[in-house]
Amino acid sequence: LEITESLVMQNAELAIARLHELKALGIRLAIDDFGTGYSSLSYLRRFPVDILKIDKSFVDGVGQRGKERELAQSIIELGQTLNLEIVAEGVERADQLGWLKARHCDLAQGFLFAHALDADTLGTLLADTAGGTMHTQQSA
């Protein structure tokens, strides 16, 4: 289940309690669009999440020098420190993927791999894929 950091910060204490209930059901949790909201690091440590998704706005700049690249690097390192799986959103170019791989980002998603698919197209693609499985997210 993906949740945005701005959503959980609306009532952080209640969100933490509900997230723990979801975890008890065996649901994996992801913080989506990380870096665009206003969560504090102390709350991030308390959220029972498994996955940290780096917002596309930071991924856009990873192939260039600048603050976006430095922030993406910091988010990856933060996620690794907290033992979270890291997913980079909005990967559109091979140089972005190469940069993310070099920094041990766990997964990437974006138009480099596939555009959004409707249910029928996805069903056809899955049926045509050897073994019946396809991942639109790919290891970085």
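This is a short tour of a predicted model, moving from the whole chain to helix 2, the loop after it, and a second loop around Glu-89.

**Whole chain**

Start with everything displayed as a cartoon. The protein has seven helices and six strands, and along the sequence they run β-α-α-β-α-β-α-α-β-α-β-α-β. Switch to a surface view: the accessible surface comes to about 8000 Å², and carbon and sulfur atoms account for 53% of that. Of the 140 residues, 34% are buried. If contacts are drawn between residues at least 6 apart in sequence, 55% of them join residues at least 24 apart.

**Helix 2**

Select residues 12-24, which make up helix 2. The end C-alpha atoms of helix 2 are 18 Å apart, in agreement with the 18 Å that its 13 residues should span at 1.5 Å a residue.

Next, show the side chains of Ala-12, Ala-15, Ile-16 and Leu-19. These four residues of helix 2 are buried. They cover an arc of only 100° around the axis, which means that they lie on the same side of helix 2. The spacing fits the general geometry: an α-helix has 3.6 residues a turn, so residues three or four places apart point the same way.

What covers this buried side? Add strand 1 (2-4), helix 1 (5-9) and helix 3 (41-46) to the selection; the cover of the buried residues of helix 2 includes these elements.

**After helix 2**

Move to Gly-26, just after helix 2, where the backbone takes a positive phi of about 90°. Then select Ile-27, in the loop that links helix 2 to strand 2 (30-34). Is Ile-27 buried, partly exposed or exposed? Its relative accessible area is 30%, so Ile-27 counts as partly exposed.

Keep Ile-27 selected and add Leu-1 and Leu-25. Together the three residues form a nonpolar patch on the surface, with about 300 Å² of accessible area.

**The loop at Glu-89**

Finally, centre the view on Glu-89, in the loop between strand 4 (85-88) and helix 6 (94-102). Is Glu-89 buried or exposed? With a relative accessible area of 8%, Glu-89 is buried, because the cut-off for buried is under 20%.

To see what surrounds Glu-89, show its contacts, leaving aside neighbours within four places in sequence. They are Asp-32, Asp-33, Lys-53, Ile-54, Asp-55, Lys-56, Val-59 and Gln-109. Two of these, Asp-32 and Asp-33, fall within strand 2 (30-34), the strand that follows the Ile-27 loop.

Note on methods:
Residues numbered from 1 in each chain as written. Predicted model: local features only at pLDDT ≥ 70, side-chain atom pairs only at ≥ 80, totals over all residues. Heavy atoms only, no water. Patch = residues over 30% accessible without salt bridge, like charges linked within 9 Å, V, L, I, M, F, W, Y side chains within 5 Å. Areas by Shrake-Rupley, 256 points an atom, 1.4 Å probe, with all protein chains shown as cover. Salt bridge = Lys/Arg side-chain N within 4 Å of Asp/Glu carboxyl O. Helix = DSSP H or I, 4+ residues; strand = E, 2+ residues; numbered from the N terminus. Buried < 20%, exposed > 50% of the residue type's maximum accessible area, 1.4 Å probe, protein only. Contact = heavy atoms within 4.5 Å. Expected span 1.5 Å × (residues − 1). Arc of directions from axis to C-beta.
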